Amino acid sequence: MFDMAAEVDHRRAHFTFIWAIENASNIQSSKSFRSPIFSTDSEVMEKTSWHLTLDRGIYSTGFFIRRAEVDGGPDTIEIDYEISLLSIERYPLVKMMDRKRFKNSSIFALRRFVSSDEVFNERKDKFLPKDTLTVQCRIWKTTSAVPSGDLQYVRTRKRINRISFVWAIKNFSTLLGTERRIHIVNPTTKMAPKLILTFYLQESLGKEYAFFHCSKDAESNCHFIYGKVCIIDVNGRAHHTIEAREYDSLGEDSNWLCKLAYPKHQIIANKESLLPNDMLTFKCIFEIETEPFCFQTETYKDFISSDLEYIVSAVPEIEYNDTPDVSPLQTFLTDCLKIGTLSDVCLRTGSESFPVHRLILSIFSPVFKAMFTKDIQEEDRKYIDIPDVDADTLRLMLSYIYTNTVPSHGWERSAQLLIAANKYELVDLEEKCTEFLTSNLTASNCFSILKIADSHHDQSLQTVVYRFMIKHNTEVFKSDAWKNFKKENFDLAMNTTERIICLMKNKED
């Protein structure tokens with residue numbers, strides 16, 4: 001790597017490729033995301049074809065540039081190339097340059113291009129306006145000069161399918177060692193896989209364990225699966241959690257996602273909490289990344305680099321043809337919430353009441369279902385008090401149940417909504433609240449979010465907060481908020497300090 005800024009910045013690029021990645025925050029850590037192949041008919045670039053790969057690591061994000069395996073170009077071509085991330089105003093937020101000789105299939109890396117935390121968390125508003133990451137790649141052939149070049153502009157959108165459900169293992173105490181319980185989760189879209197869950201008891205090293213095995217069908221076209229599986233207690237709180245992800249390097253077991261092994265005697269010892277009615281319950285949340293799609297490519301000939309702002313802004317907004325129209329059912333549910341059409345009960349909190357529908361709430365929330373069915377007398381009640389949720393939070397929660405959307409709100413309200421979603425077992429809403437809190441961490445609110453993560457045993461959110469505190473250690477640990485936090489939450493503060501020390505040590509190692 002060497003500094004070529006003075007040499008190439010004044011030259012017009014022979015080829016410019018702009019790649020807009022929509023839904024960019026869904027790019028999973030430690031996974032790669034490849035662009036479509038871009039090519040030019042330019043005689044100067046000798047009809048070569050290329051593609052970029054974005055590699056999001058835990059600590060840094062890098063890029064790979066690769067020449068296509070087969071194109072119309074020469075055996076070898078030497079180029080200067082510059083990769084940058086653009087702001088919404090189309091100026092480079094960060095860029096890096098290099099010069100290499102490429103044969104077909106040659107690949108070179110620009111590692112540690114930018115901090116992952118900076119792009120996806122700290123300066124997300126700058127790097128991901130409207131959740132879109134814009135990558136620019138400019139290419140010069142080292143032996144030629146040209147007054148103009150070609151430009152190609154591509155949008156891609158990541159497809160992320162989210163699945164969340166609860167699986168209950170009934171009659172746990174009578175389950176035999178040879179018996180296996182199997183649950184099939186059918187795909188939600190054409191590209192998503194079928195998930196196969198298996199539960200059984202088996203002895204290992206002289207102890208009997210409860211095993212939870214999750215795999216996907218072999219013929220799916222998904223790129224990556226991530227999620228988590230929790231044993232939940234009678235109150236719907238996570239007792240034990242493991243991550244679930246696709247393991248591409250396990251040969252014949254490449255379809256395996258996760259395998260939870262938990263000592264049976266520990267389940268029995270906590271049977272009042274973990275085995276209500278002799279039933280062990282798992283909460284499963286999966287994010288499934290399927291093929292991204294490119295809607296269209298804009299190509300401009302005889303492009304002059306000084307016209308970049310004009311050309312890019314002239315690209316029309318793209319309407320995705322896979323966006324479904326609002327269905328009559330969705331319209332009906334929205335009206336049900338707004339005007340209480342056919343409501344059969346009111347939820348009451350404080351001085352406000354909300355006309356709702358027992359059936360709709362029971363479909364989405366096991367807690368509401370139990371509330372409406374536990375007692376025949378409940379059926380005749382016109383009002384049910386919800387004392388543990390304030391009116392504004394309840395309004396947002398009902399909006400999500402009926403319309404799958406939540407009006408904009410701040411992190412404090414999102415924290416309250418997370419608590420309510422956890423209590424009423426709205427797992428999708430709980431996940432969205434966690435994502436929002438993760439993306440809106442500050443030195444002033446990180447302690448409040450940490451307490452919420454600790455009370456819900458949300459290890460992923462805790463780890464995100466720990467890393468934020470490490471990144472902003474001076475601002476965090478010298479604040480009055482930290483002093484008050486230590487006084488009021490001594491055990492949690494001690495545990496936080498230990499975890500941060502371990503994370504810093506692991507990073508150094």
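Which side chain meets Lys423 in a salt bridge? Asp388 does, with N to O at 3.3 Å. The model here is predicted.

**Salt bridges**

The whole structure holds 17 salt bridges. Side chains of opposite charge can pair when their charged atoms come close. The bridge between Lys423 and Asp388 is one of them. Lys423 belongs to helix α11 (residues 411–423), and Asp388 to the loop between β20 (383–385) and α10 (391–403), so this contact ties together parts that are 35 residues apart in sequence. Lys423 is partly exposed, at 40% relative accessibility. Asp388 is partly exposed too, with a relative accessible area of 40%.

Helix α11 also carries Arg413. Arg413 forms a salt bridge with Asp390. Asp390 sits in the loop between β20 and α10, 23 residues from Arg413. Arg413 also meets Asp392 in a salt bridge. Asp392 is in helix α10, so named from the N terminus, and lies 21 residues from Arg413. Both pairs link distant parts of the chain.

The distances for these bridges are set out here.

| Salt bridge | N to O distance |
|---|---|
| Lys423 and Asp388 | 3.3 Å |
| Arg413 and Asp390 | 2.9 Å |
| Asp392 and Arg413 | 3.8 Å |

How exposed are the partners of the Arg413 bridges? Arg413 is partly exposed, with a relative accessible area of 25%. Asp390 is partly exposed at 32%. Asp392 counts as partly exposed at 39%. These residues belong to a wider set: Glu352, Asp390, Asp392, Arg395 and Arg413 are linked in a network of salt bridges.

**Aromatic contacts**

The search of the whole structure finds 20 aromatic pairs. Take Phe165 and Phe286. Their ring centres are 6.3 Å apart and their planes meet at 25°, so the pair is stacked; the cut-off for stacking is under 30 degrees. Phe165 is in strand β10 (residues 149–169) and Phe286 in strand β17 (residues 280–303). The two residues are 121 residues apart, and their pair links distant parts of the chain. Are Phe165 and Phe286 buried or exposed? Both are buried.

Other rings form a group. Trp167, Phe172, Phe199, Phe212 and Phe282 are linked by ring pairs into a cluster.

**Charges over rings**

Arginine side chains also meet aromatic rings. Arg56 lies over the face of Phe120, 3.9 Å from the ring centre. The charged end of Arg180 sits over the ring of Tyr200, at 3.9 Å from its centre.

Conventions
Residues numbered from 1 in each chain as written. Predicted model: local features only at pLDDT ≥ 70, side-chain atom pairs only at ≥ 80, totals over all residues. Heavy atoms only, no water. Phe/Tyr/Trp six-rings, centres within 6.5 Å; stacked < 30°, edge-to-face > 60°. Helix = DSSP H or I, 4+ residues; strand = E, 2+ residues; numbered from the N terminus. Buried < 20%, exposed > 50% of the residue type's maximum accessible area, 1.4 Å probe, protein only. Lys NZ or Arg CZ within 6 Å of the ring centre and 35° of its normal. Salt bridge = Lys/Arg side-chain N within 4 Å of Asp/Glu carboxyl O.
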